[in-house]
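Here is a short report on one protein model. Look through the structure first, then read on.

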Amino acid sequence: MSTRNATPIPRLTRDYRDDDLRQALTDFGCCVIDHALPPQLMDAVAAEMAPFVDSTPFGDTDFTGAGTRRTGLVVARSETFRQHLARHPAILTAGDHLLTQSQVWKLSFAHFFELFGGEPAQLLHRDVWKYGAPPFGFEVDVNALWAVTDFTETNGATRLVPGSHLWDDDRRPVPGEDQAALAEKGAVVLYTGNTFHGGGASTGSDVRLAVNVQHTVGWLHQTELMLLHYPPSVAADWDDDLLRFIGYQKSGPALGHWRNAEDPFVAIEEYRSLPPGDTETTHDIERPAL
Ligand SMILES: O=C(O)CCC(=O)C(=O)O
Ligand SMILES: [Fe+2]
C-alpha cells in the first residue's frame, strides 16, 4: 500500500482573522483554533454533563466504539454550551462560509464524548456518509470537536486528512495521509462534512473528553430530533438566536413549518405568552380536534 506525507493541519490562534479561517476551510477542509475558549469553560461543560454520563451506554458498533460514551441533550444540560460554544464566532463564520447552498443552516447534533483508554482508532470517514446519499458536490455539513481535555497522541486525538474534502468519492486515505489534531483544552477542531477524519487510538489510560457538534444546511434532516429534545417547555427561556439555530425557524417559505405554514418560532412565542403557571398546555395551543 502506498503511503504519503500528511499535509499539515492549518492552525489558527484565538485572535485569528476570519479570512484565514475561511481560507483554511476552503483549501484544507479543516483547521484547529487554539485557545478558542478559556479552559475553565471546558471544565464547566464537563461538570454540567457529569451527572448524566454514567447512565449513557457505551457504543455498540466499531464506529461508535465499545470504549466511547456519547451523552446527548447537551443543549439543555450545559448552560455553558448554550452561552459560549453553540454560537461561537468561529462556528458562525465557518457555517456562513461553507453552507451557502441553503437559505439557513442549523445546529444538527451536540453530544458529549468520553473516549476511554484502550479504544482503537475509529474508521476514517466523511460525516456526510450518514446521509447515505450520493456526493452533493458541495459542503452540507460543518462540524466541530471542542477539546474538553487536551487531545494528545496517546488519548485518541482526532485524526484529520487535510485536503480530503476535495477528493473524488471513491478515493480513500492511505497510511500517512492522516494526522493527529493535537489540541489543548479549550481548542476547537473544525472540519467539513466531506473531510476524512476519525477518533484516534487511545493507547494510554486517561479519558479524552470532547463536545462533538454538527451543523447542517436547512433542507437536510438534523442528526438529532432537536425540537423533540428541546420543546418550548424546555427551551422557551433560551436566547432567540439559539432557538432559531436549533431549528425554531423555517428553512424556506414552507420547509420545516408548524401548523398552517407558520414559522416554528411562533410555538416559542405562544409558550412565552401563556399565563404564569400554565405550563401544562404547551402542546395544546389551538390543538385541532382529532
Ligand atoms: O471522536 C472523534 O475524535 C471523532 C468522532 C467522529 O468523527 C464521529 O463519531 O463521527
Ligand atoms: Fe465523524
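How many nonpolar, polar and charged residues does the lining of the largest pocket have? It has 11 nonpolar, 14 polar and 8 charged residues. Keep in mind that this is a predicted model.

**The pockets**

The largest pocket has a volume of about 570 Å³. Its lining is made up of 33 residues. Nearest the centre of this pocket lie F63, R70, F113, Q122 and H125. Four elements each give two or more residues to the lining of the largest pocket: β3 (68-71), β4 (105-115), β9 (197-198) and β10 (208-217). Of the elements, β4 gives the most, with 4 residues.

The second largest pocket holds about 260 Å³ of space. It is lined by 17 residues, and R126, P135, F136, G137 and N194 are the closest to its centre. The table sets the two pockets side by side.

| Pocket | Nonpolar | Polar | Charged |
|---|---|---|---|
| Largest pocket | 11 residues | 14 residues | 8 residues |
| Second largest pocket | 9 residues | 4 residues | 4 residues |

**The iron site**

Return to H125, one of the residues nearest the centre of the largest pocket. Which atoms coordinate the iron ion (ligand 2)? They are NE2 of H125, OD of D127 and NE2 of H197, at 2.1 Å. Along the chain, these donors follow the spacing H-x1-D-x69-H. Are H125 and D127 buried or exposed? Both H125 and D127 are buried.

**A three-stranded sheet**

Strand β9 (197-198) is one of the elements that line the largest pocket. It also belongs to an open sheet of 3 strands, in the order β7-β6-β9. The pairing in this sheet is antiparallel. Which strands lie at the edges? They are β7 (179-180) and β9, and each pairs on one side only. Strand β6 (residues 159-160) is joined to β9 by 2 bridges. R159 has G198 in β9 as its bridge partner.

**A buried strand**

Now turn to β5 (residues 141-147). How many of its 7 residues are buried? The count is 7 of 7, so the strand is mostly covered, where buried means under 20% relative accessible area. In a regular strand, side chains alternate between the two faces of the sheet. In β5, D141, N143, L145 and A147 point one way. V142, A144 and W146 point the other way. Residues of both groups are buried.

Strand β5 has two antiparallel partners to look at. With β10, it is joined by 7 bridges. There, A147 stands opposite A210. With strand β8 (residues 188-192), β5 is joined by 5 bridges. Here A144 stands opposite L190.

**The nonpolar cores**

Two of the residues just named return in the largest nonpolar core: W146 and L190. This core has 54 residues. Which of them touch the most other members? They are I33, F81, F112, W146, L190 and I246. Helix α2 (residues 39-53) gives the most to this core, with 6 residues.

Another core lies apart from it, with 17 residues. F113, A180, A187 and Y191 are among them. F113 is also one of the residues nearest the centre of the largest pocket.

**Two positive phi angles**

Most residues other than glycine have a negative phi. Two residues here have a positive one. For H35, phi is near 55°. H35 sits in the loop between β2 (30-33) and α2. A261 is not a glycine either, and its phi is about 60°. The loop that holds A261 runs between α8 (240-246) and α9 (265-272).

Are these two residues buried, exposed or in between? H35 has a relative accessible area of 37%, so it is partly exposed. A261 is partly exposed as well, because its relative accessible area is 39%.

**A helix residue**

Last, find L92 in helix α5 (residues 89-98). Why does L92 count as partly exposed? The reason is its relative accessibility of 24%, since partly exposed covers the range between under 20% and over 50%. L92 and D54 are 38 residues apart in sequence. In space, they are 32 Å apart, C-alpha to C-alpha.

Notes. Residues are numbered from 1 along each chain as its sequence is written. Chains are lettered from A and ligands numbered from 1 in the order in which they are written. This is a predicted model: local features need pLDDT of at least 70, side-chain atom pairs count only at pLDDT 80 or more; totals for chains, interfaces and linings use all residues. Side-chain values use heavy atoms; hydrogens and water are left out. On a 1 Å grid over the protein atoms alone, a cavity is a set of points where a 1.4 Å probe fits but cannot get out, and a pocket is an open set with protein on both sides within 12 Å along at least five of seven lines; lining residues have an atom within 4 Å of a point. Grid points are joined across faces, edges and corners, and a volume is the space filled by probe spheres set on the points. Ala, Val, Leu, Ile, Met, Phe, Trp, Tyr, Cys and Pro count as nonpolar, Asp, Glu, Lys and Arg as charged, and the others, Gly among them, as polar. A nonpolar core is a set of buried Ala, Val, Leu, Ile, Met, Phe, Trp, Tyr and Cys residues joined through side-chain atoms within 4.5 Å. Buried means under 20% relative accessible area, exposed over 50%, partly exposed in between (1.4 Å probe, protein chains only). Donors are N, O and S atoms within 2.8 Å of the metal (3.2 Å for Na, K and Ca); water is not among the atoms, so sites may look incomplete. Two strands pair if DSSP finds at least two bridges between them.
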